[in-house]
Amino acid sequence: MPDTKSFHMSPEEFRRQGHAVVDWIADYMSRVESFPVLSRVQPGEVRSQLPASAPQKGEAFEQVIADVERVILPGITHWQSPNFFAYFPANASGPAILGDLLSSGLGVQGMLWSTSPACTELETHVLDWLVPALGLPEKFLSSSTGGGVIQDTASSASLCALLAARERATHFVSNRRGCDGKLVAYCSTQTHSSVEKAMKISGMGSDNLRLIDVDQSFAMRPELLARQIAADKKSSLIPCFVCATIGTTSSCAIDPVREIARICRDRDLWLHVDSAMSGTAALCPEFRFVHDGVEFADSYTFNPHKWMFTNFDCNCFYVADRKHLIQTLSVLPEYLRNQATESGAVIDYRDWHIQLGRRFRSLKLWFVIRHYGIEGLQHHIREHVRLAQQFVAWVRADSRFELAAPAKLNLVCFRLRSGDQANQKLMDRLNASGDLYLTHTKLDGKLILRFCIGQTNTEARHVERAWQRIQQETALLENS
Ligand SMILES: Cc1ncc(COP(=O)(O)O)c(C=O)c1O
């Protein structure tokens with residue numbers, strides 16, 4: 001007799017539990033505003049409620065969901081709360097969640113075109129859609145010399161850009177023999193830490209990353225970049241890569257990409273543009289100034305998982321000339337050989353990033369774009385920027401506060417004039433209240449509060465309430 005015993009969830013039970021989980025998520029969306037935004041658990045509190053060892057016998061799914069409510073939910077910081085103004089957003093939306101669910105349901109591993117043609121072709125197509133939608137140069141289209149790929153994060157995208165730059169500069173020799181400590185890369189003092197990490201991973205070494213000083217708006221000073229490159233060349237080093245940022249993490253500064261590009265072109269350096277959050281703004285023609293000069297970049301990256309209503313993780317990475325990237329990362333063992341690859345007629349995205357396996361991430365991006373349409377995306381981006389500019393006006397009108405950086409889009413950097421301690425206390429009290437969540441940075445050595453408006457469901461009333469709470473806590477601080 002064959003053993004027919006099964007522990008699997010049947011399709012019928014999956015349907016029942018699946019409906020319950022979707023109901024749970026919909027309820028969560030409705031009540032997310034009622035939770036303290038920043039989780040209040042202490043270190044170890046979540047684990048202390050979990051059994052020491054894995055269950056020997058399977059448990060009822062209802063019990064598992066009950067534990068999500070009881071154990072997990074208190075340990076959640078609610079990134080999807082409309083009162084979340086911290087870091088940069090990681091905003092989600094209904095169509096993105098459903099796209100992700102479908103991706104899990106199909107369970108596709110799209111490392112090669114042949115392992116699921118739709119996984120590759122939808123990705124290529126959606127990334128091509130975004131090129132004109134964001135005002136990006138045509139060379140990033142798959143029909144041109146370049147193309148786009150979905151990566152997990154901007155960190156991975158920047159690492160790939162750096163690796164391709166390293167190989168272009170050494171004629172693909174460092175791929176075989178390793179680095180000799182001569183390759184140098186450049187970014188500003190405000191560039192995201194992922195570039196330093198990429199230097200470590202790439203074997204180029206973090207000592208060979210030059211941090212170029214910034215101007216009063218915290219944007220890279222191109223004349224200092226040119227000077228540093230010249231000094232490095234004089235020392236027989238090999239400058240090969242510059243990362244310019246559109247929307248730095250601390251203050252949303254925009255590096256002068258056009259001028260930086262001119263320097264890179266004249267000296268044959270790879271220009272990578274990191275536009276992790278702010279790239280999304282370019283969907284609106286009036287904010288497309290952020291992409292000025294990107295037409296000269298060798299690579300470009302932005303995160304729909306930050307501000308484009310596409311839940312984490314989803315990064316778009318474009319290259320102007322795909323052959324450098326592919327030649328850098330391609331390895332073809334026998335077990336991956338197939339006719340479609342040999343024909344040269346297809347894209348195999350395994351050659352476009354670090355890992356081999358890949359999820360069907362373009363489904364959620366496709367769902368988002370089709371649900372909102374460009375018009376819907378523009379509407380919400382505009383509204384976030386409008387609310388941020390309203391917040392700027394309130395800060396300006398209150399003599400206790402000052403703006404700490406230009407606020408061109410949806411991030412407002414501000415501070416109490418009374419000093420670092422007061423700002424730290426204000427932030428701690430606001431975050432402890434659970435009413436909102438904002439984070440800090442340091443600019444010019446001073447502690448600055450960052451207020452970023454980009455959560456999917458943030459409306460005027462949330463921003464108004466946040467400003468009221470900031471004013472209330474400031475008054476209490478002054479009187480304490
Ligand atoms: C400018 C910039 N680049 C890169 C990153 C890293 O993003 P990811 O988490 O996608 O690696 C961030 C994160 O906030 C960022 O602000």
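1. Start with helices α6 and α8 in this predicted model. Helix α6 covers residues 154-169, and its axis runs 9 Å from that of α8, at an angle of about 50 degrees. That angle is neither under 35 degrees nor in the 65 to 115 range, so the two helices count as oblique to each other. Their crossing is right-handed.

2. Who touches whom here? On the α6 side the contact uses A154, S155, S158, L159, L162, L163 and R166, while α8 brings S194, V195, K197, A198, I201 and S202. Sorted by class, that makes 7 nonpolar, 4 polar and 2 charged residues.

3. Helix α8 (residues 194-202) has other company too: it lies across strands β2 (183-188), β3 and β4. Against β3 it runs at about 165 degrees, and since anything over 145 counts as roughly antiparallel, you can read this pair that way.

4. Now for the sheet itself. It is open and has 7 strands, and if you walk across it you meet them in the order β1-β7-β6-β5-β4-β2-β3, with mixed pairing. The edges belong to β1 (147-151) and β3 (209-212); each has a single partner strand, so one side of each is left without a neighbour in the sheet. On average, neighbouring strands are turned by 20 degrees against each other, ignoring direction.

5. If you want one strand pair to look at, try β4 (residues 238-245) and β5 (residues 270-274). They run parallel and are joined by 5 bridges. Across this pair, C243 stands opposite H272 of β5.

6. The ligand has 15 residues around it, and the closest are T153, S155, H192, T249 and A276. Which class of residue dominates this shell? Polar ones, with 10, next to 4 nonpolar and 1 charged. Do notice S155: it is among the residues closest to the ligand, and it also belongs to the α6 side of the contact with α8.

7. One more helix pair is worth a look: α4 (residues 94-106) and α14 (residues 362-397). Their axes come within 7 Å and cross at roughly 150 degrees, and the crossing is right-handed. From α4, the residues involved are P95, A96, L98, G99, D100, L102 and S103; they meet L363, K364, W366, F367, V368 and H371 of α14. By class, this contact has 8 nonpolar, 3 polar and 2 charged residues.

Key
Residues are numbered from 1 along each chain as its sequence is written. This is a predicted model: local features need pLDDT of at least 70, side-chain atom pairs count only at pLDDT 80 or more; totals for chains, interfaces and linings use all residues. A residue is near a molecule or strand if its C-beta atom, placed from the backbone, lies within 6 Å of it. Ala, Val, Leu, Ile, Met, Phe, Trp, Tyr, Cys and Pro count as nonpolar, Asp, Glu, Lys and Arg as charged, and the others, Gly among them, as polar. Two strands pair if DSSP finds at least two bridges between them. Helices (H or I, at least four residues) and strands (E, at least two) are DSSP runs, numbered from the N terminus. Axes are lines fitted to C-alpha atoms, for helices over the stretch in contact, and angles run from 0 to 180 degrees between N-to-C directions. Two residues are in contact if their C-beta atoms, placed from the backbone, lie within 7 Å. A crossing is left-handed if the near helix is turned anticlockwise from the far one by less than a right angle, and right-handed if clockwise.
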